[in-house]
Structure formats: structure tokens, C-alpha cells
Amino acid sequence: MPGAMEHVLESKNINKYFRKPVNFHVLKDINFSVLRGEFASIMGKSGCGKSTLLYVLSTMDTGYEGELYLNNQLITGRPHEELSIIRNQEIGFVFQFHYLLNEFTVLENVMLPARKLGRKSYDEIEHDAREKLKTLNIDQLADKRASRISGGEKQRVAIARALINNPVILMGDEPTGNLDSYNAENVFQIFRRLKEEEGLSLLIVTHDQDFAERTDRIIVMEDGRILP
Amino acid sequence: MTNWNVILFIARTHLLTKLKSTITASLGVTFGIGAYITLVSFMTGLNQMLDDLVLNQTPHIHLYNEIKPSVSQPISRYREFEDALNVVYSIKPKESQEKIHNALPVLHYLNEDERVLGATPQLNARIFYLSGSIELGGNLAGVDVLEEARLYNLDDYVVEGSTQALKNTENGILLGAGLAKKMSLKPGDRVQISTVQGAITPLKIVGIYQSGIAEIDNSRSIANLKTVQRILGEAENYITDINLKLVDIADAVPMAAQLEKQFSVEATDIIEANAQFETGSNIRNIITYAVSITLLIVAGFGIYNILSMLIYEKMNDIAILKATGFSGRDVHYIFMSQALIIGFLGGLLGLFIGFVLSHVIDRIPFETQALPTITTFPVNYNIGYYFIGIIFAFISTFIAGYLPAKKAEKIDPVRIIRGN
């Protein structure tokens, strides 16, 4: 089935309820997939469930019904230990607030997920991390403390960290939401290049119409459903 | 699959960037362990000294003949008066000899026994010390000097002169310190003693004996066994007491019972004679441990607080670690290793401080009449207490770190990330 192989991420009939503070059906029958090398964006009003969906897809949120596949393998129902290994190897994350570890240097931040994975030697990992920083044009920041660099730089470091283990998909929760237009454009161009040069799949939640329109596909959500 | 390199790297970075909290938490452990080591070294040193004080001087088993009335009076054996109420007025002690029957063969037999470290003969004689027209009552112990020195550290209690001098001087006497003071005598002088029968013998003072117990020092002196036998005009087999030192003190009770039957003498064991002694040691130990554990519990609360604060501050970091593939268990290990590193460093420093403090105590002069050989406070440098100390440090920090680390493990990254 060559067609099926192309699905990097696929969700089948995903439903999610918030029990607190009141019963609320937040995701309703979500069926969709991301293809290999596809740059998809999710749009929708605040509270429509788009971030919730992203966290379900990210494997961090396990409180849902339905099935989730990554690389055509069922992820739903796996134990937490296994899920964290999957997040470590297969999924890269970029958040709205940069979430670097402030006590560590930029280089150490980028290296951490690879050191956790433990597939390569320290020197190889350091080399890889410097390469990633170089492709994002921030290699000069490598030895600075993460707390000492600007917001735009932090977001690029976060992207480098997300890429260190060569994931199959990069997810972003409004990665440009907190950046000025110059830095936002910069981040968009980086995503674009990753898709085109490295064939990476991207799934980005955004509020930015301009950003979304330049992606391959816009998934629009409303009241917990994906609009056709 | 736990990658300890990374976990320890993160733990170390957290500790180093929060150096002040780390030091505060470590110092808590340091004080707990330091106090434990100091207290336990001093207390057990004291216990040991007091134990030695008794054990060194006291035979494990003491054999002697007691002067006492017969258990059953002849009339109670007489059948005809069996049902009558017999009353005997002014019963006298049974007429028997003070010496131990067959003392020399018994002594020889005991010295052959492999449970016995040494059996020594002793002859206790009631005498008077004559000083001009004054007669001081007291007693004179005739002993085998070299054996006494070997088994009961007699040398430690001879404050002037020596046991060797007594051995070499036939008419020598080690005079009790209190007696020497009363009669203004010093080594080299002569003292006249009189037996109960009235025979007067001059003896040469070769040393002063001080047991530390005033009552004894005011009445008791030591001389060679043969000298005392001669003073009393008795034969060489005239021995009133046999003292035994055993290889293992635990044998004392059963062996005393056995010897009592075997030789029909009175046998007192050391445990019977010093029953109150164990109690004192035990109470001092309990106090030591109670104080140390209290200090460690206080230190534990400090660590608990600091780690809880740290985890509260590091909520975002924990979320991001989890999002990038660290499992809950990894996060748990990160914070547990911080707690244990604090425990290890604080504990190690505590051991060092404890060692230094006990060394200081060891140097403090402590001179007492009761213990002529002791010049400073006694301290016990048993390596075992240092092991217990570091294990204490680990246990208390483990318990203190466990709950905060468990909390960090349970943090839901989605809630933190979305909360912003």
C-alpha cells in the first residue's frame, strides 16, 4: 500500500471530553492525517480545540477516545515510558513560549534530547547540535546561557532542539505567536526550508492568517470539529 | 532505559545554579551527621571507659567461701519433731574455714580450662596499720602480682612505684593511696602492720595503689601472696579467693553456676555483681541516637522544603523535559539524585566535622581521682559509626527527596504548557 505509507500521522475518530469544571465535548470525531513532507497548519478561534488536538497528537495527552497512528503504528494505549521514547525520537516540538532550560547553554539545550536518546556519543551529538545551529544561523550563540538570548533567537534554538533527533514530524503550538513580524517571517522561512530541503512533515497551530495561507494545507477547526 | 549521564548532568546543573539552596540544604545534613558522630564518639568512648573501669578491675567470676549459718539446723532433721514448731535462738555461723579447700589443684584445673584467660589466687587478710599509737583497720590482699598486672591492669592503678618493684621485694607492700595520705607515708618508708592475732610485721612501701574508690583506697593494700601467707603464719595452699578472667564474658553466668556445684564454693559472676551497669550504657546510647535522629529529621525537613521550592520553580523545565522525551521516571531520578547528592556531600562534610570535633574533645583535659590513667576525655573512633553516619545521611535525604520527586514525576506537561 504505497498510499498508506505516506501517512506520517493519522487520527481516527478521536473524541475528547473535559470533565472539569463542567462536562464539555472538546474534540468531536477528529479524522485526519498528515502526509510525509506536508506542511499543514491548523486554524480556528480560541477555544475551538486546536491546541487540545495538537497535544493529543503529540502523545502528551492520553485522555482521549479513538486511535492515533504515527508512521502507521498504533500509538493509542501504549505505556507512558514508551510514549516518552516516541516523543524523544519521532516528534519535534516548538511552543509559543520558547521553553528553553535557562540554566543550560544554548548548545546543551539542543543536545539534551539526543543525550536522552543515547544513540550517539557525546562528541557526535555535540557535532550534530552545532550543525543544526549553523543551519539556523545561530551557531555563534552556542555557548551562551539560554536566558541571555533574545526571543527570536530562543525560538530558533527551540527549533534546533526539536530537530536534533531527526524526527518524522515537527509540531508547533503557535510558534510565531509571540514574535515580531521579522522574527515570525524568519521562523516561517525555516519551516519552509525544512519541508523542501529535508522532506520534514510539519503541523503548526497558528492564529496568523498570513502564515497559514502560505502552508500546503489549512485545517480549519470550529467547536471541536474539523471543517471540511 | 535510563540514561544516567544526562540525569546526573541535569541534576548537577540544577544544584550548581542554585548553589545557595544547595549549600543550605547540605549544611542541614552536615550538622545532623556531625552532631551524631561527635555525640556517638564521645558517648561510646565514655561508655567504654566506664565499662573498662569495671571490667578491668573486676574478675569475671569470683570464687570464695562465705561465712554463713547452715541452711537447715540439726533439729529440723530429727524425725520426732517433724510436726512440731521448732525455734532456735541466736544461730551462729557454721564453723568452717575461710580458705578454699584444695585451692592449688582447683587453680591448676581452672588454668587448664580453655574458656579461662587466667585464674589468680588471692588471700584477703584483715589487718591493722600501725602509726605510732594509732591503729587503722584495713585489709591486705596477697596476690600473684604479675598475673594481676596481666589480667586486671594493676599497673594502671599503681600511681607511684611499680608492680615490678613489689615482685622483687619480698617484704614489699603497695599501700592504698588514702592510707598513705592518712599516715603521711611515701614509697621507701616502712609501715608496720598487725594481724588480728597481734603479730606485728614491718613492710617496705614500694608503691602507692589508687583504685579511685575512696573507701577501698582508705583500707586496702596489696602485697605478694607469699608475704601475706607468712604474716598470717599459714601454709602455701592457704588461699581465700580465686578470681577468674574468661575469654568470653558471656560464659560467666553458666560457668559460675557450674563451679559453685563442682567445688562447693560461692561463685559470683560479673553480670550479677554489676547488674546496674548495663542500664547506664543503654540509656546513654538511647540519648545519643535520639538527639542525632532529631537533628536529621530537622535537616530532612529543610531538604524537603528546598526541593519542593525547586520543583515549583522548575515547573516549566519539567514540562519541557517531558515534552522532549524525558519520562516521568527520568524526572523523578533527576530530583532524587539531587537529594542524594545533597545527602552525600552534606554527610561527608558532617563526618569530617564530627571527626574534627571528636578530636577536639579528645584533647580536652579531663583528670579525675577515680581514673588515674585518663588525662583527656575519652573518645571512640570506631569506623563503624562513620558508616552508620553516611547511611543515615542517605536515608534521611532519600525520604526527604522522595515526595517532592514524586510530585515532579506526576506533573502533567500539557497543563503547564497550556497554562502559559
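Is F191(A) buried or exposed? F191(A) is buried, with 0% relative accessible area (buried is under 20%, exposed over 50%, partly exposed in between; 1.4 Å probe, protein chains only). This is a predicted model, where local features need pLDDT of at least 70, side-chain atom pairs count only at pLDDT 80 or more, and totals for chains, interfaces and linings use all residues. Residues are numbered from 1 along each chain as its sequence is written, chains are lettered from A and ligands numbered from 1 in the order in which they are written, and side-chain values use heavy atoms, leaving out hydrogens and water.

**View 1. F93(A) stacks with F95(A).** Rings of Phe, Tyr and Trp (its six-membered ring) pair if their centres lie within 6.5 Å; planes under 30 degrees apart are stacked, over 60 edge-to-face, the rest tilted. That rule gives 18 aromatic pairs over all chains. Here the centres sit 5.6 Å apart, with 5° between the planes. F93(A) is buried at 6% relative accessibility, and F95(A) is buried at 2%.

**View 2. F191(A) meets F211(A) edge-to-face.** It's 6.5 Å centre to centre, with the planes at 90°. F191(A) belongs to helix α7 (residues 181–198) and F211(A) to helix α8 (residues 209–213), both of chain A, so the pair ties together parts 20 residues apart in sequence (helices are DSSP runs of H or I, at least four residues, numbered from the N terminus). F211(A) is buried too, at 3%. Both rings join F39(A) and F188(A) in one aromatic cluster.

**View 3. Arginines sit over rings.** The charged end of R214(A) is 4.1 Å from the ring centre of F188(A). Across chains, R115(A) lies over the face of F9(B), 4.5 Å from the ring centre. A charge counts as over a ring if NZ of Lys or CZ of Arg is within 6 Å of the ring centre and within 35 degrees of the ring normal.

How values were computed:
Helix = DSSP H or I, 4+ residues; strand = E, 2+ residues; numbered from the N terminus.
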